[in-house]
Amino acid sequence: MAKRKKDDDYRAFQAAWTEEFAFVERAGSARGTAGKGHVRSYSGECRRVSSNYVCGPSKEALCAQTCGQEFGEVMSLVIRVVNFIVARDLNDRQFKALLEEVGNHYPGLLLHSNVRWLSRGKVLSRFAACLSEIRTFLEIKGVKHPELDNTDWLLQFHYLVDITGHLNQLNVKMQGIGNTISSLQQAVFAFESKLEVFLRDIETGRLLHFERLQQFRDACLASDSTQHLDLLQLAGFTSNLLQSFKARFGEFRARTGLFKFITHPHECAVDKIDLTCIPWVTIGDFELEVADLKASDMWMSKFKSLNGELESLTRQRAELAREHKWTEMTNLQPEDQLILKTWNELPVTYHTMQRVSIAVLTMFGSTYACEQSFSHMRNIKTNLRSRLTDGSLNACMKLNLTTYEPDYKAISKTMQHQKLH
């Protein structure tokens, strides 16, 4: 009953988030720099923006799952073998002892989970690193899986290891709070260009970007130089994956000018900015304000400084990611806060342009905040808190999700102190 109630709470929470707060993630993270009036005045309007531009990471996951049906049998066998070894305590201990005996530095295999982040790529990578030990262990146990010695199956398997690794890298770039829809769009378009490189790489047989696949091919040709490996099927899968990305993210490409406007208003052509998804903005007022802004050197310098700060922020993130300092990365100022701060410094004469920028910043480009919110809710709603009311839950959720830090000294000065008698 408790699990069913928790699932019902999740579905209700998810529905409420989708219907009422589809574009409030950006406003929530930007509240630290924006005035309360800004957030309040635009929150209702931003909810009416078309929901066609929601959730880049979810679209990326759908692309991978849709195209991955061709290789479903490969992944299914990997999961069965992993479950046979890891899900049984005796097998797990014996396999770990075997890895230690042969000098394999990995502690064991990883269980696959559809809801766990980056699970598929990590499971495949660990399976490939322990493949020879897996064969030995299954032979000892008398379990037969002839696919593990089949060249065609192994060809698809090593390709999956490499391509899921590339997809995981894209997924990592699209996670986190503070990413604008423009930066997410750039990451997806860059990956589409990479897929074109991957396609040529397979067609030419170089395999420069498929490390595991290249090692497997070289090993096969070393043992039998006349052996034929069918790389065309892998090229077909890569082509299907590319077409899936272009189809699902094609709508974003039509709004490139609008997304770029929030950081480069002086470089965007007004006639190429489509404002149909922001119906409450008057196009005539917007065009006149853009003309005034481009003629003002003082306000243009603001956006030049903004782009310098964004470049510095991107450089810091890249350096921290290279050193795997993820905690330090969370301490950096979010990208959307820098952009919102710049737009809030403009006078009220650019009110229409500010409304456009707020609408773009509050577009719900990622489900990261929603997933993080549900994780907090699961930690709050435990079986021991059966009498937790909705009001208390909402208060606890706000405390967990907000970035606001109250000034306790200033608040205490406004309160009447009770003197001791």
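## Exercises on a predicted model

**Exercise 1.** In this predicted model, which residues does L258 touch, leaving aside residues up to four places away in sequence?

*Solution.* With those sequence neighbours set aside, L258 touches I273, D274, L275, C277 and I278, and also V356, V360 and M363. The next step is to place L258 in its surroundings: L258 and I134 are the residues with the most contacts inside the largest nonpolar core, which has 95 residues. Apart from this core lies another one, of six residues, among them F374, I380, L388 and L393.

**Exercise 2.** Do C130 and C277 count as buried or exposed, and how many disulfides does a search of the whole structure find?

*Solution.* Begin with the cut-off, which is that a residue is buried when its relative accessible area is under 20%. C130 has 0% relative accessibility and therefore counts as buried. C277 has 4% relative accessibility, so C277 counts as buried too. For the last step, a search of the whole structure finds zero disulfides.

**Exercise 3.** How are helices α16 and α18 oriented to each other, and which residues meet where they are in contact?

*Solution.* First take the angle: the axes of α16 (residues 297-322) and α18 (residues 335-344) come within 10 Å and cross at roughly 170°. Angles over 145 degrees count as roughly antiparallel, and α16 and α18 are therefore roughly antiparallel to each other. Then list the contact, in which K302, F303, L306, E309, L310, L313 and R317 of α16 meet E335, L338, I339, T342 and W343 of α18. Finally, sort the residues of this contact by character, which gives seven nonpolar, one polar and four charged.

Definitions and conventions: Residues numbered from 1 in each chain as written. Predicted model: local features only at pLDDT ≥ 70, side-chain atom pairs only at ≥ 80, totals over all residues. Heavy atoms only, no water. Core = buried A, V, L, I, M, F, W, Y, C linked by side-chain atoms within 4.5 Å. Buried < 20%, exposed > 50% of the residue type's maximum accessible area, 1.4 Å probe, protein only. Contact = heavy atoms within 4.5 Å. Disulfide = S-S within 2.5 Å. Axes fitted to C-alpha atoms, helices over the stretch in contact; angles between N-to-C directions. Helix = DSSP H or I, 4+ residues; strand = E, 2+ residues; numbered from the N terminus. Parallel < 35°, antiparallel > 145°, perpendicular 65-115°, else oblique. Nonpolar A, V, L, I, M, F, W, Y, C, P; charged D, E, K, R; others polar.
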